[in-house]
Amino acid sequence: VKSYVFSIELAEEEDGRWSAWIATLPGCAAWGHTKEEALHAIYDAAQAYVEDMLEAGERLPTEGVVRVIQFSAE
């Protein structure tokens, strides 16, 4: 099992909402009423994004990935 660590951009909007996005994963963005909600939402969005890419046989972008962690099943 592999885990990927991406840099998340986070910004507060004029209306008080928080936007979060991952530049390495084009189109992967989310928002929340609080910073914590936005972070939870982007985590879920990134997980779905990566799963969809892997299921489609696509390669994940390597540029911008902070770290890849390999876990053994032992």
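Start by selecting Ala 29 and the residues around it. Leaving out anything up to four places away in sequence, Ala 29 touches Ala 20, Trp 21, Ile 42 and Ala 45. Keep in mind as you click around that this is a predicted model. Ala 29 itself is found in strand β4. Now add Glu 9 to the selection and draw a C-alpha to C-alpha distance: Ala 29 and Glu 9 are 20 residues apart in sequence, and the distance in space is 9.3 Å.

**Zoom out for a moment**

Switch to a cartoon view of the whole protein chain. You should be able to pick out one helix and five strands. Follow the chain along its sequence and the pattern reads β-β-β-β-α-β. Of its 74 residues, 22% count as buried. If you turn on a surface, the accessible area comes to about 5,500 Å², and 51% of that belongs to carbon and sulfur atoms. For a feel of how the chain folds back on itself, take the contacts with a separation of 6 or more: residues 24 or more positions apart account for 37% of them.

**Across the strands**

Go back to β4, residues 29-32, and show β3 with it. The two strands pair in the antiparallel sense, over four bridges. Which residue in β4 is the bridge partner of Trp 18? Select Gly 32 and you have it.

Next, bring in β2, residues 9-12. Strand β3 covers residues 18-21, and four bridges join β2 to it, again with the strands running antiparallel. Two bridge partners are handy to label here. Ala 11 has Ser 19 as its partner in β3, while Glu 9 has Trp 21. That is the Glu 9 whose C-alpha you paired with that of Ala 29 at the start, and Trp 21 is also among the residues that Ala 29 touches.

**Round the turn**

Follow β2 into β3 and you go round a hairpin, with five residues between the two strands. Select Gly 16 in the turn and check its backbone: phi is positive, at about 95°.

Stay here and show the side chains of Asp 15 and Arg 17. Side chains of opposite charge can pair when their charged atoms come close. Asp 15 and Arg 17 form a salt bridge, with their closest N and O atoms 2.8 Å apart. A count over the structure comes to one salt bridge, so there is no second one to hunt for under the 4 Å cut-off. Is Asp 15 buried or exposed? Asp 15 counts as exposed because its relative accessibility is 54%. Arg 17, at 27%, counts as partly exposed.

**The oily patch**

Now select Ile 8, Leu 10 and Leu 39 and colour them on the surface. Together they make a nonpolar surface patch of about 210 Å².

Take Ile 8 first. You will find it in the loop between β1 (2-6) and β2 (9-12). Its relative accessible area is 38%, so Ile 8 is partly exposed. Expand the selection to its contacts, skipping residues up to four places away in sequence, and you get Ala 20, Trp 21, Ile 22, Leu 39 and Ile 42. Another distance to draw is Ile 8 to Ala 46: 38 residues apart in sequence, 10.0 Å apart in space, C-alpha to C-alpha.

Then move to Leu 10, which lies in strand β2. Leu 10 counts as partly exposed because its relative accessibility is 32%. Beyond its neighbours within four places in sequence, Leu 10 is in contact with Trp 18, Ser 19, Ala 20, Lys 35, Ala 38 and Leu 39. Draw the C-alpha line from Leu 10 to Ile 42 as well: 9.8 Å, for residues 32 apart along the chain.

**Last stop: the rings**

Finish by searching for aromatic pairs. The whole structure has one. Tyr 4 and Phe 6 form that pair, stacked, with 6.4 Å centre to centre and 25° between the planes. Which side of the burial cut-off is each on, buried or partly exposed? Phe 6 is buried, because its relative accessible area of 13% falls under the 20% limit. Tyr 4, at 26% relative accessibility, counts as partly exposed.

Methods. Residues are numbered from 1 along each chain as its sequence is written. This is a predicted model: local features need pLDDT of at least 70, side-chain atom pairs count only at pLDDT 80 or more; totals for chains, interfaces and linings use all residues. Side-chain values use heavy atoms; hydrogens and water are left out. Patches are made of residues with over 30% relative accessible area and no salt bridge: like charges are joined within 9 Å, nonpolar side chains (Val, Leu, Ile, Met, Phe, Trp, Tyr) within 5 Å. Accessible areas come from the Shrake-Rupley method with a 1.4 Å probe; for residues, only the protein chains shown count as cover. Two strands pair if DSSP finds at least two bridges between them. Buried means under 20% relative accessible area, exposed over 50%, partly exposed in between (1.4 Å probe, protein chains only). Contact means heavy atoms within 4.5 Å. Rings of Phe, Tyr and Trp (its six-membered ring) pair if their centres lie within 6.5 Å; planes under 30 degrees apart count as stacked, over 60 as edge-to-face and the rest as tilted.
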